Every structure is written in structure tokens, then in C-alpha cells.
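Please open the structure in your viewer and keep the selection tool at hand. The stops below go from a single residue to the whole chain and then into the interior.

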Amino acid sequence: MHFDFDQMIERKGTGCVKWDEAPSVLAPSSSALIPLWVADMDFAAAPAIQEAVRRRAQHPVFGYTHVGSDYYDAVISWFDRRHHWHIEREHILYTTGVVPAMSCAIKALTMPGERVLILSPDYNCFFSSIRNNGCEVQESILRPDGKEPACFGLDWQDFEACCADDKTTVFLLCNPHNPTGRVWTREELQRMADICHRHHVRIVSDEIHCELIMPGHTFCPMATVDADAVILNSPSKSFNIAGLQIANIICRDAETRRRIDRAVNINEVCDVNPFAPEALKAAYNDSEAWLDALNGYLWDNYQALTVFCAAHLPHWRVMPLEGTYLVWVDVSLCCNNVAAYTDSILRATGVWLNPGTMYGPVSGQGYVRINIACPRSRLLDALQRISEYSKSSTTSIHEKE
């Protein structure tokens with residue numbers, strides 16, 4: 001079956017965060033906005049998902065939603081056949097999204113004033129969720145390995161020192177990792193788990209990007225390494241249905257699950273809308289071919305980006321993409337203030353990128369994050385605009401801002 005990821009879909013005017021929150025700083029001479037920032041895709045959802053939502057919408061009542069056994073069967077079947085991870089029905093708690101799930105897990109597993117360890121740079125909501133629950137962020141900085149192209153990895157000595165801190169009680173992992181694009185190997189996950197166990201640190205793993213895996217890499221669920229890890233997952237990123245708001249918390253330990261379930265109810269994120277379970281079932285039961293085609297298209301987009309940058313933006317160092325559709329790019333040769341740099345690109349070209357400092361004020365300095373989940377012609381248009389701006393800029397790339 002053919003899926004048209006080159007289709008240009010007009011999203012402006014649909015109440016879309018990515019397109020309708022356009023900043024007011026664009027230069028009058030700039031072309032239309034190209035948003036390559038927030039992590040959603042400009043592709044139509046899989047046909048089976050569209051049909052499931054249409055079918056449910058034909059019923060004229062949209063009351064409170066009962067989540068039936070076929071929902072749990074879809075989750076269990078998907079992870080069993082796709083990732084060789086068997087989940088028991090009673091281990092699943094559904095909620096509205098991975099960020100609310102994360103906040104509930106932190107609330108259930110920590111006391112105010114304790115520290116939650118993350119691998120920085122890291123997804124920006126990790127910082128806010130931790131602080132909103134009265135905890136402190138403990139950052140272990142990921143380091144480039146010195147190879148070319150560079151690959152980010154843990155500073156194992158620093159990671160263990162952070163775990164050994166008496167105030168650190170939870171390790172919040174992003175697997176695969178946003179924003180560096182790493183897909184952690186089983187060996188790396190095992191080493192993380194061993195260190196955490198040694199220091200009595202609980203693991204919570206955000207695995208929302210687990211289906212977006214590039215060639216040559218394999219996603220390993222943390223629960224297949226540490227059966228007591230709390231797993232947060234959702235079809236929202238992989239199938240582009242974030243607006244439908246559905247996620248699952250997978251937790252084997254009954255007492256931990258009871259505490260998290262209590263936090264879900266305290267935070268009032270226990271009810272989902274009537275379209276979300278139907279979309280999840282259609283994704284997991286009927287959309288695997290679409291997902292495989294998507295991953296192939298994303299990989300081709302990444303290759304197009306690397307080829308373009310090598311030819312036209314040689315001062316940009318593109319990091320390897322192992323998973324997600326979010327590319328981490330070293331632009332430190334261009335600037336010493338990446339927020340100012342991305343702002344100047346936006347003003348001059350209309351291309352909206354995320355400054356790396358969103359994901360760590362120190363660890364993200366000198367980087368930008370680019371969302372490549374769009375038609376290839378749009379991605380190349382954006383890169384061409386940036387290239388022309390770079391050539392015409394009066395500031396040499398060697399004269400940092």
C-alpha cells in the first residue's frame with residue numbers, strides 16, 4: 001500500500017499549535033512560516049485511524065468513555081509482537097498523555113525536596129514536571145564520544161555519582177532520547193539499571209518515541225531489562241495523534257501501581273475522550289505498514305538533510321539520528337548564543353527551530369533541534385532559506401554573536 005508523505009496539507013487555521021502560534025517577529029520580506037519546532041508531524045494520520053475516528057464521530061453522543069478489553073488487547077498484542085515484551089492486563093493504567101503520566105509517577109515515587117535524575121540535554125517537560133512536583137532536577141550531562149560523526153553517551157562516573165546522592169530517588173529516562181536522537185542499547189540500559197539498583201534509585205522511562213527507529217537500530221523497552229521500571233508510552237508521536245490525548249503507564253509492582261493510580265486520580269487525568277481509545281486500537285491493530293513506511297520516509301529526510309548541510313551549511317555538524325524525527329545539530333561555529341541565533345533565523349527566513357537551551361541551559365548551548373517530520377520539499381525549502389541567510393549575513397560564522 002502506498003502512503004503519500006509528500007502531500008502538502010494546510011494546517012493553518014485549524015487551531016494547530018505548530019502552525020497557528022506563529023510568532024509576530026517575522027520580517028515583512030520573509031516567505032511563509034516553516035515551523036520545524038514542536039514535535040508533531042505534518043503528515044496525515046494512518047488511514048485506519050482516520051476511519052476509526054470518523055466511525056466514532058458518526059454516533060451523536062460524546063459522553064464519558066468506557067475503556068474496554070479490546071483496548072488492552074491491542075496494547076498487549078502490539079508490544080508482544082513488535083518488541084517481544086509481554087505486558088499483563090492489570091499492569092496497564094491509561095491516562096491522557098505521557099507528560100501527565102510523568103507527573104503522576106514523580107508524585108507517587110518522590111517526596112518534595114528529593115532529586116530526580118535526568119540525562120541532559122533532555123525533553124524540556126522533564127524539567128517542569130520535576131519542579132512542579134516540588135523536586136529538584138539532577139542533571140548528568142551527556143557527552144559526545146569524540147568520533148566523527150559524534151554520538152552522545154553517558155559519563156558513567158558522573159551518572160553513578162548522581163545516583164549515589166542520598167537525595168536522588170528517581171531516574172527519569174527518555175528512551176529513545178529527545179533531543180539527541182539516541183536509541184539506547186540493551187547494554188547501556190542494563191548498565192543504567194545496575195547502577196540505579198545499587199543505589200536504590202527507581203527508574204521511570206518515557207518511551208513515547210519507541211516506534212520511530214532508524215535503520216540499523218533496535219528499540220529495547222527498559223522493562224525487558226528492569227522489570228520493576230515504570231514505563232510511559234503512547235501512540236501519539238509515532239502515529240501523529242497527540243491531539244487525541246491517550247497514553248499508558250505500565251507498572252508491574254502492585255504497590256507502586258496503586259500509588260501511581262492514586263496520583264492519576266488526584267491530578268484528575270483519569271478520563272479520556274471517546275476518540276482516543278478508538279485511535280489507539282486502529283494504530284496498534286491496523287497501522288503497522290503505515291508506521292514502517294513512515295520510518296523509511298523519515299530516514300530519507302534525514303539523509304537529505306545531511307547531504308544538504310554537507311554541501312551548503314558546512315558549519316553545521318549534524319548528529320547521527322538513531323531514533324525520533326528530531327535532529328540535533330551542533331551550530332557552535334555560528335554563535336555563542338543559540339537562542340539569539342534561532343531568533344535571527346526566524347526573523348529573516350520564517351524557519352522556526354528550537355534552540356538547544358530549551359533542553360538544558362548549559363548542555364544545550366550551541367545546538368539546535370530540527371523536526372524533520374514534514375514533506376521533503378518543505379524541509380529542503382527551509383534548509384535553502386537558512387543557507388541563503390547564512391551566506392548573506394554580514395556576520396561571519398567565525399565572529400560569534
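Is Ala340 buried, partly exposed or exposed? Select Ala340 in this predicted model, and you will be on helix α12. Its relative accessible area is 33%, and because buried means under 20% and exposed over 50%, Ala340 counts as partly exposed. From there, select Cys270 as well: the two residues are 70 residues apart along the chain, and their C-alpha atoms are separated by 40 Å.

**The whole chain**

Now display the full C-alpha trace, which spans about 60 × 55 × 40 Å along its principal axes. The radius of gyration of the protein chain is 21 Å, which agrees with the value near 21 Å that a compact globule of 401 residues would have. Colouring by secondary structure should bring out 13 helices and 15 strands. Of the 401 residues, 56% count as buried, and the accessible surface comes to about 16700 Å², with 51% of it belonging to carbon and sulfur atoms. If you list the contacts with a separation of 6 or more, 75% of them are made by residues 24 or more positions apart.

**Helix α13**

Next, select residues 376-392, which form helix α13. The end C-alpha atoms of α13 are 24 Å apart, in agreement with the 24 Å that its 17 residues should span at 1.5 Å a residue. Show the side chains of Arg378, Leu379, Ala382, Leu383, Arg385, Ile386, Ser387 and Ser390, which are the buried residues of α13. Among the elements that cover them are α1 (17-20), β1 (34-35), α11, α12 (338-349) and β13 (351-352).

Pause on Ser387, which counts as buried because its relative accessibility is 1%. Leaving out residues up to four places away in sequence, Ser387 touches Phe308, His312 and Leu313.

**The nonpolar cores**

Which residues touch the most other members of the largest nonpolar core? Select Phe159, Phe171, Met192 and Trp316, which hold that place among its 103 residues. Helix α11 (residues 288-312) gives the most to this core, contributing nine residues. In general, nonpolar side chains tend to be buried together in soluble globular proteins.

Centre the view on Trp316 and, setting aside its neighbours within four places in sequence, display its contacts: they are Cys309, Val329, Asp330, Val331, Cys334, Tyr341, Ile345, Leu353, Ile370, Leu383 and Ile386. Two of these names, Leu383 and Ile386, should be familiar from the buried residues of α13. A second, separate core has 32 residues, including Cys104, Phe127, Cys174 and Ala247, and can be selected on its own.

**Helix α9**

For the last stop, select residues 254-266, the 13 residues of helix α9, which reaches 18 Å from its first C-alpha to its last, close to the 18 Å expected at 1.5 Å a residue. Show Thr256, Arg257, Ile260, Ala263 and Val264, the buried residues of α9. They lie on the same side of α9, because they cover an arc of only 120 degrees around its axis. An α-helix has 3.6 residues a turn, so residues three or four places apart point the same way.

What covers these buried residues of α9? Add β2 (92-95), α4 (98-109), β8 (202-206), β9 (230-233) and β10 (247-250) to the view, since the cover includes these elements. Finally, move on to Glu268, which follows α9 and has a positive phi, near 60 degrees.

Note on methods:
Residues are numbered from 1 along each chain as its sequence is written. This is a predicted model: local features need pLDDT of at least 70, side-chain atom pairs count only at pLDDT 80 or more; totals for chains, interfaces and linings use all residues. Side-chain values use heavy atoms; hydrogens and water are left out. Helices (H or I, at least four residues) and strands (E, at least two) are DSSP runs, numbered from the N terminus. The expected span of a helix is 1.5 Å times one less than its number of residues. Buried means under 20% relative accessible area, exposed over 50%, partly exposed in between (1.4 Å probe, protein chains only). The arc is that of the directions from the helix axis to the C-beta atoms. Contact means heavy atoms within 4.5 Å. A nonpolar core is a set of buried Ala, Val, Leu, Ile, Met, Phe, Trp, Tyr and Cys residues joined through side-chain atoms within 4.5 Å. The radius of gyration is taken over C-alpha atoms; the globule rule is 2.2 Å times the number of residues to the power 0.38. Accessible areas come from the Shrake-Rupley method with a 1.4 Å probe; for residues, only the protein chains shown count as cover.
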